Amino acid sequence: MGIPHFLAIPYPILGHVNPLMQFSQVLAKHGCKITFLNTEFSHKRANIAGGGGAGLDKLNDGSQIKFVTLPDGLAPEDDRSDHPKVIFSIKNNMPAMLPKLIQDINASNVDNNITCIVVTMYMGWALEVGHKLGIKGAFLFAGSATTLASCHCIPSLIDDGIIDSDGLPTNKQEIQLSPNMPMMDTADLPWCNLSKTLFARIVQEMQTMKLGEWWLCNTTCDLEPGALAISPRFMPIGPLMESDNNIKTSFWEEDTTCLEWLNQQPHQSVIYVSFGSLAVVDPNQFKELALGLDLLNKPFLWVVRPGNDNKVNNEYPNEFHGSKGKIVGWSPQKKILNHPAISCFITHCGWNSTIEGVCGGIPLLCWPFFGDQFVNKSYICSVWKVGMGLDKDENGLISKEEIGKKVELLLGDEDIKARSLKLKEMTINKIVKGGQSSKNIEKFINWAN
């Protein structure tokens with residue numbers, strides 16, 4: 001038997017690229033070969049951002065992970081934060097080009113042709129191409145198994161009259177997707193604040209994804225047992241924590257000076273604030289957050305991401321001192337969350353950040369913006385009980401006083417700290433040899449051969 005050769009194809013946002021890259025690194029550690037397909041635009045962006053590390057192109061010599069690209073069909077000046085537009089353009093342009101690319105990859109790997117295509121959400125068309133060419137397929141879902149279960153249950157939610165054909169809840173109510181899962185508010189269904197077009201895409205995508213025999217989830221059987229039981233295709237392979245420092249997949253340059261700064265801070269003293277790669281904070285809310293961090297009078301590390309034009313979108317209020325803090329444009333988050341100086345993480349509750357927070361054993365203060373983040377928050381606060389939520393005032397803002405109060409409450413809660421450390425240990429044990437996720441990965445590799 002040869003070694004499996006995977007073609008990995010993520011949708012071009014960091015929340016999809018990163019977990020698929022981490023999974024590719026796990027597969028490479030097991031001796032598999034991986035060809036990683038980026039859009040030309042993303043690849044160029046990651047190469048520029050990785051300035052200090054090896055640009056992705058330099059890695060193509062001798063590495064088990066090779067990079068290839070295809071155009072996304074958009075013009076350089078097109079707005080790539082318009083996801084319906086990006087998805088549509090990719091689906092209109094890439095499927096016709098993929099067979100030729102596969103042919104070229106196979107021609108240069110005569111003894112090791114592609115045996116399996118792994119895609120993330122919105123790239124299901126590649127499984128159709130693979131299917132026609134007789135190549136096996138798998139789906140890596142970048143969110144939680146609970147979000148995947150929600151998407152999987154859309155047809156029955158429509159049949160039961162819980163949502164309409166546009167995905168909107170017919171009534172305000174709590175539902176349970178399966179007997180062993182926590183109750184969910186229908187207003188928190190992961191697509192409720194997305195556009196009709198995106199909901200229609202998700203419905204179509206879930207059909208296409210049936211061509212993927214495995215639906216891989218960056219989770220563990222302890223974190224979401226009920227959700228994983230929804231379908232035999234669901235396979236936990238998390239937590240995905242690999243990180244080869246030479247492979248920079250970020251779209252912004254990481255500011256590593258924050259690690260030196262953290263080294264100078266007392267143990268468990270720093271509040272880390274980051275809202276991921278997509279959330280945008282409104283200017284009034286930004287001011288409250290800045291003043292709230294000042295009010296705490298504690299050291300903080302705050303990631304204020306540049307906009308798409310690389311300018312910062314928000315103004316700091318005049319009365320903001322920030323003297324105890326450090327503000328960076330983008331950060332090496334995994335390293336930060338495992339740093340002994342961190343005391344808590346103010347997070348948007350994106351799934352990658354949630355898993356990284358859990359694996360750092362850090363108490364979480366939840367500030368969800370959209371999509372699956374509200375469901376992730378309910379797991380953090382109500383199911384695992386390793387964090388707290390922030391409440392909005394009558395103007396829909398999270399006030400500086402609320403931020404100050406909740407951080408103090410969270411840091412004073414010894415039970416949450418103890419549960420966070422216990423959950424960290426349970427989660428990380430799943431990827432050590434003999435752990436459930438580790439066994440699932442071996443099973444997957446044997447199947448893909």
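Helices (DSSP runs of H or I, at least four residues) and strands (runs of E, at least two) are numbered from the N terminus. The model is predicted: local features need pLDDT of at least 70, side-chain atom pairs count only at pLDDT 80 or more, and totals for chains, interfaces and linings use all residues. Residues are numbered from 1 along each chain as its sequence is written, and side-chain values use heavy atoms, with hydrogens and water left out.

**Exercise 1. Locate Ser420 and describe its surroundings.**

Solution.
Step 1. Ser420 belongs to helix α15, residues 414-428.
Step 2. The burial scale is set by relative accessible area: buried is under 20%, exposed is over 50%, and partly exposed is in between (1.4 Å probe, protein chains only). With a relative accessibility of 4%, Ser420 therefore counts as buried.
Step 3. Contact means heavy atoms within 4.5 Å. Not counting residues up to four places away in sequence, Ser420 touches Val358, Gly361, Ile362, Pro363 and Val386.
Step 4. From Met121, Ser420 is separated by 299 residues in sequence and by 30 Å in space, C-alpha to C-alpha.

**Exercise 2. Determine how α12 and α15 are arranged.**

Solution.
Step 1. Axes are lines fitted to C-alpha atoms, for helices over the stretch in contact, and angles run from 0 to 180 degrees between N-to-C directions. Helix α12 (residues 351-360) packs on α15 at an angle of about 105°, and the axes are 7 Å apart.
Step 2. Angles under 35 degrees count as roughly parallel, over 145 as roughly antiparallel, 65 to 115 as roughly perpendicular and the rest as oblique. The helices α12 and α15 are therefore roughly perpendicular to each other.
Step 3. On the α12 side the contact involves Val358, Cys359 and Gly360, and on the α15 side Ser420, Leu423, Lys424, Thr427 and Ile428.
Step 4. For classes, Ala, Val, Leu, Ile, Met, Phe, Trp, Tyr, Cys and Pro count as nonpolar, Asp, Glu, Lys and Arg as charged, and the others, Gly among them, as polar. The contact of α12 with α15 has four nonpolar, three polar and one charged residues.

**Exercise 3. Characterise the packing of α3 against α4, and the core to which α3 contributes.**

Solution.
Step 1. A nonpolar core is a set of buried Ala, Val, Leu, Ile, Met, Phe, Trp, Tyr and Cys residues joined through side-chain atoms within 4.5 Å. The largest such core has 87 residues, and Leu98, Ile117 and Trp191 have the most contacts inside it.
Step 2. Helix α3 (residues 83-107) supplies the largest share of this core, eight residues.
Step 3. Apart from this core lies another, of 28 residues, which includes Ala8, Ala28, Leu140 and Met235.
Step 4. Leu98 touches Leu7, Ile9, Leu37, Leu70, Trp125, Ala126 and Val129, not counting residues up to four places away in sequence.
Step 5. Helix α4 (residues 125-132) packs with α3 at an angle of about 25°, with the axes 10 Å apart. The pair α3 and α4 is therefore roughly parallel.
Step 6. The contact joins Ile90, Lys91, Met94, Pro95, Leu98 and Pro99 of α3 to Trp125, Ala126, Glu128 and Val129 of α4. By class, the contact of α3 with α4 has eight nonpolar, no polar and two charged residues.

**Exercise 4. Compare the setting of α10 and α14 by the steps used above.**

Solution.
Step 1. The axes of α10 (residues 283-296) and α14 (residues 400-411) come within 8 Å and cross at roughly 45°.
Step 2. The helices α10 and α14 are therefore oblique to each other.
Step 3. Glu288, Leu289, Leu291, Gly292, Leu295 and Leu296 of α10 meet Lys400, Glu401, Ile403, Gly404, Val407 and Glu408 of α14.
Step 4. The contact of α10 with α14 has six nonpolar, two polar and four charged residues.

**Exercise 5. Assess the burial of α5.**

Solution.
Step 1. In α5, the buried residues are Ala145, Thr146, Thr147, Leu148, Ala149, Ser150 and Cys151.
Step 2. Helix α5 (residues 145-152) has seven of its eight residues buried, so it is largely enclosed by the rest of the structure.

**Exercise 6. Examine the backbone at Pro239, Gln268 and Lys385.**

Solution.
Step 1. The peptide bond from Gly238 to Pro239 is cis, with omega near -5°. Pro239 is placed in the loop between β9 (234-236) and α9 (257-263).
Step 2. Gln268 is not a glycine, yet has a positive phi of about 50°. Gln268 is found in the loop between α9 and β10 (270-274), and with a relative accessible area of 48% is partly exposed.
Step 3. Lys385, also not a glycine, has a positive phi of about 55°. Lys385 is in the loop between α13 (373-383) and β15 (387-389), and at 40% relative accessibility counts as partly exposed.
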